[in-house]
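This report describes selected features of a molecular structure for the bench biochemist. The sequence and the structure are shown first, and the text then takes up confidence, strand pairing and ligand surroundings.

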Amino acid sequence: MTDEHFLDVKDLRIHFPTDDGLVKSVDGLSFHLERGKTLGIVGESGSGKSVTSLGILGLHKGGHAKISGEIWLDGEELVSASLDHVRSLRGKKMAMIFQDPLSSMHPYYSVGDQIVEAYRVHNKVTKQVARKHAIDMLDRVGIPQPERRFDSYPHEFSGGMRQRAMIAMALVNNPDLLIADEPTTALDVTVQAQILDLMRDLQRDFNAALIIITHDLGVVAELSDDILVMYGGKAIEYGTGADIFERPEHPYTWGLLGSMPRLDREPTERLLPIKGSPPSLINVPSGCAFHPRCAFEPRTHGKGKSEVPELIESEGGHLVRCHLTRDERRAIWETEIKPNLEATL
Amino acid sequence: MSEALLSVDGLQKHFPVTKGLLKRQVGAVKAVDGISFEVRKGETLGVVGESGCGKTTTGRLITRLIEPTGGKIVFEGRDISHMSQGKLRPLRRDVQMIFQDPYSSLNPRHTVGAIVGAPFRIQGVQTEHGVKRAVQDILALVGLNPEHYNRYPHEFSGGQRQRIGIARTLALKPKLIVADEPVSALDVSIQAQVVNLLEDLQNELDLTYVVIAHDLSVVRHISDRVAVMYLGKIVELADQKDLYKSPMHPYTNALLSAVPIPDVKGRQGRERIRLQGDVPSPLNPPPACRFHTRCWKAQEICKQVEPPLVELATGHEVACHFPENAPAKGDAPAEAGATA
Amino acid sequence: MVTYIIRRLIAAVLMLVIVSIATFSIFFVIPRAAGVTASDFANRYVGVKGATAETVKATAEKLGFYDPLVVQYGRWVKGIVAGSEFDTGVDVEHCPAPCFGYSFITKQPVWPDLLDRLPVTLSLAVGASVIWLVTGVATGVLSALRRGSIFDRGAMTVALAGVSLPIFFTGIVSLVFFSYKFGITAPGGSYTPITENPAEWAYDLILPWITLAFLLSAAYARLTRAGMLETMSEDYIRTARAKGLREPRVIVKHGLRAALTPIVTIFGLDLGLLLGGAILTETTFSLNGIGKYGVHAIAVGDLPQILGVTTVATFFVVFANLAVDLLYAVVDPRVRLG
Ligand SMILES: Nc1ncnc2c1ncn2[C@@H]1O[C@H](COP(=O)(O)OP(=O)(O)OP(=O)(O)O)[C@@H](O)[C@H]1O
Ligand SMILES: Nc1ncnc2c1ncn2[C@@H]1O[C@H](COP(=O)(O)OP(=O)(O)OP(=O)(O)O)[C@@H](O)[C@H]1O
Ligand code: SF4
Ligand code: SF4
Ligand SMILES: [Mg+2]
Ligand SMILES: [Mg+2]
């Protein structure tokens, strides 16, 4: 029982039957997380990030989705649990922050009322008590004059304030697990920085487990202890922040790093993009899903095209899904990739 | 220093705000409020700033998709500020715009060939081997397969659609391309492809770019010079290297410091500037220095006197009473004396 | 919010004035222009038989038919708001406000007649609208939640029929079946005031209600279904679920609340249209309501009655729209700012 994690996702699969075929949005995903720690999930559009997070909250339950695998939260399994039980955990034990705070809040109810509602679902208290609690929460997330702003409607808030209010709503029941799906993508940089600071502070205060989902490697690096890189519904690399940023071993991760212009380095002459575009989730490429875009595929002697690589431990919990051997990968990183990323350093 | 292809002086665009049945004007959104800059032949000028600061409006003004409220736009020595649509026709060949959304800016019912070939037909341009051949050449140039001539936009991915958009602007060999957020709707890996493409095309075709974006890293990568906008004003304008190495305007400093860095090593040690609050409404911007409500260096004078945009170091213009990283008095060029 | 209410009120009053001028013009100014003389109007009162030219002239003078039209309009409006006096020659008759004048035919003041019939039409309207709102919205919601199910397809087929079938058809068919064949509903033509016997009231009206409501609930079911399908895929519904709310609450408080907004608007417009529906329904079921009264007035060309019916109808339409505008502002906070 010593290796029991607070959140433990095992071989999660979420497939959607559609007219065009079966969409394998999440296809055998495993990861784990402890209280007080942050996991960053990165990946391109359509790689299955949002479907994963909604899956943990059980929001695909009862729909058309085919779900299998296990999600253990604090010793309880959620995939097989009843919908009603999972519902009772939502908002209380696990909460979520969404990308677009304007469309994610109901336009007809005041911000305060929406927070009160979130509190009273799980606490049998009077409206007055809940109101006081909500105002405290608004204050906590840095909304000035919270008593007055309590009665404002979402459209009367600025983008940054709305996201603060969303955070207040998510944290009002002191959840143990907080999932933030692209929490700052819709915001300006200066406001994004405020929100990231706020999330970091609150996470420390609440000692919650935090999953932050984004396509921005910068944002993950700011907050995460561990990072999961997704491609075509699968994890292709999983490790600590240092594993991913200092000794990445997967060709796709290399590609992401090479694609990004960076402010903390001298500008490189050219960016090093990944060729092609993300895979279809219906007709997933054979073998390694990344092989049509991978520059190193020829070095696997055809295996990349025919065999699906396993997610294998490289060293100390750093997992990589690639047919290249560990030594090959490390050699490529040190001699072919890293020098190019820092070309003019 | 090469000559100016486009120069803009005191450019303004105010959108009236009306109310009620009678459309009484109750105010104006000062989307662009007196900006001056020039774009030199062969260079890339980057324009950055937060949402609503007037970047897109600036782009639409200099391509004359909209008419300015005040100020002057001079393209190749001709004042085009208030030119009629008819007279603008030849200009439309020389100045092209690339839009942010590669989905909605292409007509879904037209083939790629029709889309990219449209400028030839509209402008009545004769081509040596026919329009089809010319279009296929351009498709090859932007990295699309010339055989895609008869396909429709929905058959392409986001990155490919943006390539189609770029191909369309290239058809008539424009002199100036204004790209409004050309990569922000694209995935990281695709962004890099498009950025590289823009750079390659610039070298091959001797293009001049104005690139509008909110992503500071992309702008640094692609630009020679960069203008930083805040609430309809340019607050700093400098060579890319100077601006990113020694930003002088407090807002530029804050912007740069807010960008999350994809590196876990230095994250605790980095010094950060955190601005309070959001950008104020351009309907009712703060008086004098518009940044004073969020500026940590603000003093009384900032609320009363608007700081002019002046050159504090060679080619480095700043609008601030108390700039950061300002050179010692002696180093500054002569005009800087005019401050205060 | 207060300025919003005031603005709406002013608009409503303006609307009433404009419509009253328009109706007055239709019935008095246009006939004049078409060559109908003041004497012709007076003739209607006196009656065709045995009227000498003098009596007609005297009546026309007494009733002010020779006055300029503006004055006549003013007098008409004054009658409505303040009441008026009529010198019948024998003595002065007082017609208390709101006075719509005297019928050409019965020589009775119009207003008491209207007042008599108003409860019938109101009962019909209120009952039918409750039924059509409840069934229409409920069907729409269920259809949306079970999209593609047998219920959904069945309901939408019936709804399509409801939208396209005319009232006199559905009315007569239902009368034949429910009243004459099975005898479970009143045979039509009877009305009991609610104050006397509520059960009897409902029993008499149930068939007209359902007939009228069927037409409209069909439209509402389709509208609600479309609205619910849209709102239930909104981001804020996902947020509501993520909070841990139970599904019924998510559907009603978050989904339906937003989907109802356009329905409220349409409802306001339909209350106006209802009068058209009431005419047909009242005729079909021989109910003595305003609609039937109006039809009769038109048939015999009784101008004061027609004017009275039109004015009362206008008042209700304007009032319904005002109520809806205010309701709309309560429902959608974003409207209040505008
Ligand atoms: N309900 C559904 N039915 C069918 N397909 C779905 C459904 N929900 C998601 N998908 C598909 O699953 C894939 C993964 O979607 P997901 O939203 O998780 O992507 P993402 O990684 O969050 O991308 P983004 O960065 O664009 O938000 C997409 O191809 C999407 O079209
Ligand atoms: N046609 C218009 N009518 C009224 N206001 C407008 C119009 N176009 C733009 N604005 C306003 O002018 C301001 C500047 O808009 P603009 O689109 O130029 O900003 P931007 O810097 O491009 O922002 P973003 O990064 O969000 O694209 C905004 O406040 C906007 O609401
Ligand atoms: S398995 Fe082959 S194709 Fe896939 S990432 Fe590794 S080298 Fe590339
Ligand atoms: S002028 Fe004053 S307020 Fe404005 S940026 Fe400079 S120091 Fe700040
Ligand atoms: Mg997503
Ligand atoms: Mg813009």
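## Confidence, sheet and ligand shells

Over residues 334-340 of chain B, pLDDT stays under 50, and the model has four contacts beyond four places in sequence for this stretch. The model is a predicted one. Where pLDDT is low, the predicted coordinates should not be read in detail. Chain B as a whole averages a pLDDT of 88, with 93% of the residues scoring at least 70.

Chain B contains an open sheet of four strands, arranged in the order 2-1-4-5 with antiparallel pairing. Its edges are taken by strand 2 (24-40) and strand 5 (78-79) of chain B; each has a single partner strand, so one side of each is left without a neighbour in the sheet. Strand 2 of chain B runs antiparallel to strand 1 (residues 4-19) of chain B, and 13 bridges join the two. Within this part of the sheet, H14(B) has K30(B), in strand 2 of chain B, as its bridge partner.

Attention now turns to the ligands. Ligand 1 is surrounded by 14 residues, the closest being S25(A), S45(A), G46(A), S50(A) and V51(A). By class, this shell around ligand 1 comprises four nonpolar, seven polar and three charged residues. Strand 1 (7-18), strand 2 (21-33) and helix 1 (49-56) of chain A each supply at least two residues of the shell. Helix 1 of chain A gives the most, with three residues.

Oxygen atoms of ligand 1 also lie at short listed distances from protein atoms, as the table sets out.

| Ligand atom | Protein partner | Distance |
|---|---|---|
| Oxygen atom of ligand 1 | Polar backbone atom of G48(A) | 3.0 Å |
| Oxygen atom of ligand 1 | Polar backbone atom of K49(A) | 2.9 Å |
| Oxygen atom of ligand 1 | N or O atom in the side chain of S50(A) | 2.6 Å |

Taken alone, ligand 1 exposes 630 Å², of which the protein buries 62%.

Which residues surround ligand 3? They are H250(A), P251(A), C288(A), F290(A), H291(A), C294(A), F296(A), E297(A), T300(A), C322(A), H323(A) and L324(A). Sorted by class, the shell around ligand 3 has seven nonpolar, four polar and one charged residues.

Key
Residues numbered from 1 in each chain as written. Chains lettered and ligands numbered in written order. Predicted model: local features only at pLDDT ≥ 70, side-chain atom pairs only at ≥ 80, totals over all residues. Heavy atoms only, no water. Near = heavy atom within 4 Å. Polar contact = N/O pair within 3.5 Å; in protein donor to acceptor, adjacent residues only side chain to side chain. Areas by Shrake-Rupley, 256 points an atom, 1.4 Å probe, with all protein chains shown as cover. Nonpolar A, V, L, I, M, F, W, Y, C, P; charged D, E, K, R; others polar. pLDDT = per-residue confidence, 0-100. Contact = heavy atoms within 4.5 Å. Pairing = 2+ DSSP bridges.
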